[in-house]
Amino acid sequence: MNVILWVVQAVLAAIFAMAGVMKATQPKDKLIDKLPWVSDFPPGVLRFIGIAEFAGALGLILPAVSGIAPVLTPLAAIGLAITMVLAAITHARRKEPSAIILNTVLLLLAALVTWGRLGPYSF
């Protein structure tokens, strides 16, 4: 199970790192083509979301690998799960069911990491 958790952590970290960098660095006008929901948010909020996602991605891997404050790994997973709940609410409001499915999958994976790293497979 430990190997499965590491794989899930790596996949989540890759997804959130890419999404976070994209939201934190690209102009809003360029993001609207790929992510229509960004039109509902000001640029500062988009940058904040991107930075939070990137920080969460780092938090899934670095504390566990370094052994420095490994409790931050499940806390990062909790933060990303909360982000996915908020994203699903946004997509529900915009009537975007396919995006809600992706948010739900990522939420469940983050919940798995949280459960495993706070419970039976903690560091």
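Two residues are said to be in contact when heavy atoms of theirs lie within 4.5 Å. The model looked at here is a predicted one, so local features need pLDDT of at least 70 and side-chain atom pairs count only at pLDDT 80 or more, while totals for chains, interfaces and linings use all residues. Residues are numbered from 1 along each chain as its sequence is written, and side-chain values use heavy atoms, with hydrogens and water left out.

Let's start with helix α4, residues 72–93. Helices here are DSSP runs (H or I, at least four residues), numbered from the N terminus. The expected span of a helix is 1.5 Å times one less than its number of residues. With 22 residues, α4 should span 32 Å, and its end C-alpha atoms are indeed 32 Å apart, which agrees. Just after the helix comes lysine 95, which has a positive phi, near 60°.

One side of the story is burial: a residue is buried under 20% relative accessible area, exposed over 50%, and partly exposed in between (1.4 Å probe, protein chains only). The buried residues of α4, among them Pro74, Leu80 and Met84, pack against α1 (2–25), α3 (43–66) and α5 (97–118). Threonine 73, also in α4, is buried at 0% relative accessibility. Leaving out residues up to four places away in sequence, threonine 73 touches Gln9, Gly59, Leu60, Pro63, Ala64, Arg117 and Phe123. Further along α4 sits alanine 81, buried at 12%. Beyond its neighbours within four places in sequence, alanine 81 is in contact with Leu107 and Ala110. The C-alpha atoms of alanine 81 and alanine 110 are separated by 5.6 Å, although the two are 29 residues apart along the chain.

The other side of the story is a nonpolar surface patch of about 780 Å². Such a patch is made of residues with over 30% relative accessible area and no salt bridge, nonpolar side chains (Val, Leu, Ile, Met, Phe, Trp, Tyr) being joined within 5 Å. Areas come from the Shrake-Rupley method with a 1.4 Å probe. Helix α4 gives the largest share of the patch, 7 residues, and leucine 118, another member, is found in α5.

What about charges? Side chains of opposite charge can pair when their charged atoms come close. A salt bridge is counted when a side-chain nitrogen of Lys or Arg is within 4 Å of a carboxyl oxygen of Asp or Glu, and the whole structure has 4 of them. In one of these, lysine 23 meets glutamate 53 at 2.8 Å, N to O. Lysine 23 lies in α1 and glutamate 53 in α3, so the pair ties together parts that are 30 residues apart in sequence. Both lysine 23 and glutamate 53 are buried. Arginine 93 pairs with aspartate 40 at 3.5 Å. Here α4 is tied to the loop between α2 (28–34) and α3, because arginine 93 lies in the helix and aspartate 40 in that loop. Glutamate 96 and arginine 94 come to 2.9 Å, and Asp40, Arg93, Arg94 and Glu96 are linked in a network of salt bridges.

Finally, there are 2 aromatic pairs. Rings of Phe, Tyr and Trp (its six-membered ring) pair if their centres lie within 6.5 Å; planes under 30 degrees apart count as stacked, over 60 as edge-to-face and the rest as tilted. Tryptophan 37 and phenylalanine 41 are edge-to-face, at 5.7 Å and 80°, and both are buried.

Definitions and conventions
Helices (H or I, at least four residues) and strands (E, at least two) are DSSP runs, numbered from the N terminus. Patches are made of residues with over 30% relative accessible area and no salt bridge: like charges are joined within 9 Å, nonpolar side chains (Val, Leu, Ile, Met, Phe, Trp, Tyr) within 5 Å.
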